[in-house]
Amino acid sequence: MLDCQRDLFKMDPKVTYLNCAYMGPLPVKSLEAGRAAMGYEAQPWTLSVDDFFTHTDRARELVAGLIGADNIDIAIVPSVSYGIATAAANLKSTIGEGDEIVLLDEQFPSNVYAWRDLAKETGAKIITVARPADDDWTRAVLSCLTPKTRVAALPACHWSDGTSLDLTHISRHLKELNAALVLDLTQSLGAQPFSVEEVEVDFMVCAAYKWLLGPYSVGFMYVNPKHHGGTPIEKNWLPKKGSSDFAGLVRYRDEYEPGAKRFDVGENSNFTLMPVAVASLELLNGLGVSQVQAYIEGLTDDIARRAKGMGLGVAERELRSAHIVGLRLPGQPPTGLTEHLANAGVSVSLRGESIRVSPNIYNDTSDIDCLFKVLGGWLL
């Protein structure tokens, strides 16, 4: 079991940060990597051809290690929306008039807009899974799958309150229907184990700046090998065969490097941000995501217990993720609640009707004490 890893971060002792689902703080080693990386931009004459590929190749290796994939299955993307747009473009040919695309109610918009546009283009229908009163998203999703289902675009847990989905169970049903699964794991990867060997997924995308503890504007996409021959939404030169031969770039090539590289965003070398992402991924791989999850789970279980003691609603343990817990107030949340918490140095988020609390390995029980001292003073 891990102990509190606060020393790995530059946390402000005056702030109780329980808001990793909003943005994860960069570890100290990642900050140091970023400062060193700025030297590339300051002295471009020090850049070599290898520098255009070294950090991206290392990032692919580390992300692949997190999910049980091969390095060539990983593409570098700048955002979830970029990855989802890529997935939608490459699944368009499988969708026709009257087919169905399944989404969750109040799903994060980056995994919604591309599917709405695709439905308009193809004549397909968006099926929105209503929020279940019993918090059982898995049952609710399964009840919406039909022979007309062509794509289910889902998360591992709902971004607003951490209520979870059993993706292994859902993926098996989708396979029986010959339907595709597209995942946005931004709110889980890095805090919750995930394996492409257990969940058969067509495309999976994850932004780095939350539970991967990386920089903003960097993300990663897993592409199932059956889609490796697909069409990227951007035509850049880095994924092309022979791109490391800078003198020969004017000899234009149609062939791509093998695997998912063809789906990379342009300028993915990103000499400033990519070394930061690599440092954070190395830290997570070293700690072990299962160990991270187990540590956070101890904190969220404590939060849920205390919240119930105050009369707040919380999803049952088997229906919520281990790293995000939504505290539901009776009626609408009172105006000014999050501002009151922030003024007291407690950082959480209000999402929908829930106070979203999302601790990580830099938190301990003293942070939980502070949260409920301030929250109790406001509500009681």
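**View 1. Glu-267 counts as exposed, at 71% relative accessibility.** This close-up, like the others, comes from a predicted model. Look for Glu-267 in the loop between S8 and H7. The backbone is what makes Glu-267 worth a stop: phi is positive here, about 60°, although Glu-267 is not a glycine.

**View 2. Leu-213 also has a positive phi, of about 60°, without being a glycine.** This residue belongs to the loop that links strand S7 (203–207) with strand S8 (219–223). Is Leu-213 buried or exposed? With a relative accessibility of 1%, Leu-213 counts as buried. Set that beside Glu-267 from the previous view, which counts as exposed at 71%.

**View 3. Helix H1 (residues 28–42) meets helix H7, their axes coming within 8 Å.** The two axes cross at roughly 155°, and that makes H1 roughly antiparallel to H7, since the angle is over 145 degrees. As for handedness, H1 and H7 make a right-handed crossing. On the H1 side, the contact uses Lys-29, Ser-30, Ala-33, Gly-34 and Ala-37. Facing them from H7 are Pro-275, Val-276, Ala-279 and Ser-280. Sort the residues of this contact by class and you get five nonpolar, three polar and one charged.

**View 4. Here we zoom in on Gly-34, a residue of helix H1.** Gly-34 counts as buried, with 12% relative accessibility. Which residues does Gly-34 touch, leaving aside those up to four places away in sequence? The answer is Thr-272 and Val-276. Val-276 is also one of the H7 residues in the contact with H1. For a sense of scale, try finding Tyr-82 from here: Gly-34 and Tyr-82 are 48 residues apart in sequence, and their C-alpha atoms are 24 Å apart in space.

**View 5. Helix H2 (residues 54–67) also packs with helix H7 (residues 274–287), with axes that come within 9 Å.** What is the angle at which the H2 and H7 axes cross? They cross at roughly 30°, so H2 and H7 run roughly parallel to each other, the limit for that being under 35 degrees. This crossing is left-handed, whereas H1 and H7 cross in a right-handed way. From H2, the residues to pick out are His-55, Thr-56, Arg-58, Ala-59, Leu-62, Val-63, Gly-65 and Leu-66. They meet Met-274, Pro-275, Val-278, Leu-281, Glu-282 and Asn-285 of H7. By class, the contact of H2 with H7 comes to eight nonpolar, four polar and two charged residues. Pro-275 is worth a second look, as it takes part in the contact with H2 and is also listed in the contact with H1.

**View 6. Asn-285 sits in helix H7.** This residue is partly exposed, and its relative accessible area is 32%. If you skip residues up to four places away in sequence, Asn-285 touches Leu-62, Gly-65 and Leu-66. You can find those three among the H2 residues of the previous view. Glu-100 is another matter: its C-alpha lies 37 Å from that of Asn-285, and the two residues are 185 apart in sequence.

**View 7. Helix H5 (residues 137–144) packs with helix H6 (residues 167–176), the axes being 10 Å apart.** The angle between H5 and H6 is about 5°, and H5 and H6 are therefore roughly parallel to each other. Thr-138, Val-141 and Leu-142 are the H5 residues in this contact. Their partners in H6 are His-169, Ile-170 and His-173. The class count for the contact of H5 with H6 gives three nonpolar and three polar residues, with no charged ones.

**View 8. This last stop is about cysteines, and the whole structure turns out to have zero disulfides.** Why is Cys-4 not bonded to Cys-20? The sulfur of Cys-20 is the closest cysteine sulfur to that of Cys-4, but at 13 Å it is too far for a bond, because a disulfide needs the two sulfur atoms within 2.5 Å. Cys-4 itself is partly exposed, at a relative accessible area of 28%. Cys-144 is in no disulfide either, as the nearest cysteine sulfur, in Cys-157, is 19 Å away.

Conventions:
Residues numbered from 1 in each chain as written. Predicted model: local features only at pLDDT ≥ 70, side-chain atom pairs only at ≥ 80, totals over all residues. Heavy atoms only, no water. Axes fitted to C-alpha atoms, helices over the stretch in contact; angles between N-to-C directions. Helix = DSSP H or I, 4+ residues; strand = E, 2+ residues; numbered from the N terminus. Parallel < 35°, antiparallel > 145°, perpendicular 65-115°, else oblique. Left-handed = near helix turned anticlockwise from the far one by under 90°. Contact = heavy atoms within 4.5 Å. Nonpolar A, V, L, I, M, F, W, Y, C, P; charged D, E, K, R; others polar. Buried < 20%, exposed > 50% of the residue type's maximum accessible area, 1.4 Å probe, protein only.
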